[in-house]
Each structure stands twice: as structure tokens, then as C-alpha cells.
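These are my notebook entries on one chain, written while I looked through its sequence and model. I record what I looked up and what I found.

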Amino acid sequence: MKFGKRLKHQIQQTLPEWRNKFLCYKDLKKLVRLISLAPMSLGVSVGKAEAEFVYLLNVEIEKFNSFFMEQEEDFIIRHSELQQRIQRVCSTLGPEGSQPSETDYKDEMERIRKDIINFHGEMVLLVNYSNINYTGLAKILKKYDKRTGGLLRLPFIQKVLQQPFFTTDLVSKLIKECESTIDRLFPTVKQKNKRADMVERSNTTTDGLNIFRNTVAALETMQEMRSGSSTYSHFSLPPLNIPEPDLIRSVQLNSPIPIP
């Protein structure tokens, strides 16, 4: 699948409020074509055309950084709130709590489980957001250099590698902590009967269903972008540390609803 189609598909699959935060790849592609075919007809020199192109790329990067940092800050707060909530429920309603109640404890922990999985899914989507926008920038710069004979790609990508939106270490750490929390608090989730999951469908919000589906779509996109190919170069994203099919299967098994 060509990148433009892949990006369009990913935008359609992501959360609605995220859709205008992705790279304007189609517009940049048109601009590269105009610059390469008739730079003088634009009424500017090649140097000025390149400066305009770089300016638009920087605007895109500012958009990525602003959105990514806003989401990252929100995730830090939500992670802390979830941990406090877990501690409060366990210390109050748990077997050794101040007001133990098996029924209330079970109900509260089930709600927490769903919230953790939703939270985990949103963070996976943000990592994918970083990956796909980086890939888009690398590809549009490659097109520019190829069509115009310019040498923008290498120095610009070196700049991109230092940007907040590309630095996903913190979000990846939170993802792993969520997975550890699920394994610690709900060790039998992966052995849970699928039929029981079907019963929960009616109690799951549409937003939750969308997050799960979008998470799987994001994981599949990351698998495709990070898999080895004949066009692999030092501009390509490195492979994921975890085998992708296992990661997708883990999300499906931990989901409170069946994912086709």
C-alpha cells in the first residue's frame, strides 16, 4: 500500500478529534510537484520556493509537537490518577481494606480494568501517531530531493529526530506500566472465556469499542511501517522490540469486548 493511502486509512481509523493533527501529506506532495515542474512560474526563485517548503514543514512539526506534548501531559496525569484510584479501592473495599466488600470491590476493579485498557489503547495510538508522521516527513523529503535535486532530507531528518513528537520513551514506559498493572491485578484476564466477553458488549461504550479497533489498526500500521523491506535505510523506523502479532493478540485478549 502506498504511503498516501495508508495515511488516509489511518486517519479514518483514528479517534475523530485526532484527525486534523496528522501530516498534510497530500498538500505537501502537490507543492513538491509544482516546485519541481515549474519553479519559475510560481513567481519565486528556486531558493525562495525551497524556503517556503521548509516553512510549511516546520509548521507541520509545530502542530505535531503541540498535540503530542498535550497528549503526553494528559497521559501522565491519567496514569497517576489510575494508580491512586487502584490504591484507594484496594485499601477501602479490598479483602484487607477498611470497608471490605467483595461485590463492590469486584465491580470497581472491573471498571478500573476497562479504563486501563482504554488508556493503554490511546497511548498505543499516540506512538503510532509519532511513527506515521515521522514516516510521512521522511517520504515527502525524499520526494523533494529526488524531484528537485535538493539536499534537504538528511539535515531536516536530523532535526526531526530531536523533536518532542518523535521522542516516545515516556509514553512507551507508561504503556509497559499499564501492561504490568493488568498482569498484576488481573492475572486471569488472558484465560477469560470469550463467551463472557460477548456478554459485556452491551455494557461497553461506543468510544471504548472504537479505541480497541483503532488500537489494533495502529498496531498493524506500525508492523507494516517497521517491517524490513528492500527500501530500508537509516531513515526508516527500527523494528518493534515485541513481535507484532503477539502484541496485537495481547490487546485483543485483554479487551473487554471482542475485536474481530
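Entry 1, a loop glycine. I located G94 in the loop between α3 (46-93) and α4. For helices I used DSSP runs of H or I with at least four residues, and for strands runs of E with at least two, numbered from the N terminus. The model is a predicted one, in which local features need pLDDT of at least 70 and side-chain atom pairs count only at pLDDT 80 or more, while totals for chains, interfaces and linings use all residues. Residues are numbered from 1 along each chain as its sequence is written, and side-chain values use heavy atoms, with hydrogens and water left out.

I then asked whether G94 counts as buried or exposed. G94 counts as buried because its relative accessibility is 2%; buried means under 20% relative accessible area, exposed over 50%, and partly exposed in between, with a 1.4 Å probe and protein chains only. The areas come from the Shrake-Rupley method. I also noted that G94 and K106 lie 8.8 Å apart, C-alpha to C-alpha, with their positions 12 residues apart in sequence.

Entry 2, the chain overall. I counted nine helices and zero strands. Of the 260 residues in the chain, 43% are buried.

Entry 3, the span of α4. I compared the distance between the end C-alpha atoms of α4, 69 Å, with the expected span for its 47 residues, also 69 Å, and the two agree. The expected span is 1.5 Å times one less than the number of residues. Just after α4, I found G149 with a positive phi of about 80°.

Entry 4, salt bridges. I took a salt bridge to be a side-chain nitrogen of Lys or Arg within 4 Å of a carboxyl oxygen of Asp or Glu. How many salt bridges does this rule give? The count is six.

In α3, I found K63 bridged to E60, with the closest N and O atoms 3.2 Å apart. The two residues are three apart in that helix, about one turn. E60 is buried, at a relative accessible area of 8%.

In α4, E108 and R111 are likewise three residues apart, about one turn of the helix, and their side chains meet at 2.6 Å, N to O. I recorded both as partly exposed, E108 with a relative accessible area of 23% and R111 with 43%.

R113 pairs with E110 in a salt bridge, the closest N and O atoms being 2.7 Å apart. These two are separated by about one helical turn because they sit three residues apart in α4. R113 counts as buried at 2% relative accessibility, whereas E110 counts as partly exposed at 24%. I further noted that D74, R78 and E122 are joined into one network by salt bridges that share partners.

Entry 5, surface charge. I found a patch of positive charge on the surface, among whose members are K2, K29, R33, K139 and K143. Patch residues have over 30% relative accessible area and no salt bridge, and like charges are joined within 9 Å. Lys and Arg count as positive, with the charge placed at NZ of Lys or CZ of Arg.

Which helix gives the most to the positive patch? That helix is α4, with five residues. Both α2 (25-37) and α4 (102-148) supply at least two residues each. K143 lies in α4 and is partly exposed, at a relative accessible area of 30%.

Terms used:
Patch = residues over 30% accessible without salt bridge, like charges linked within 9 Å, V, L, I, M, F, W, Y side chains within 5 Å. Areas by Shrake-Rupley, 256 points an atom, 1.4 Å probe, with all protein chains shown as cover.
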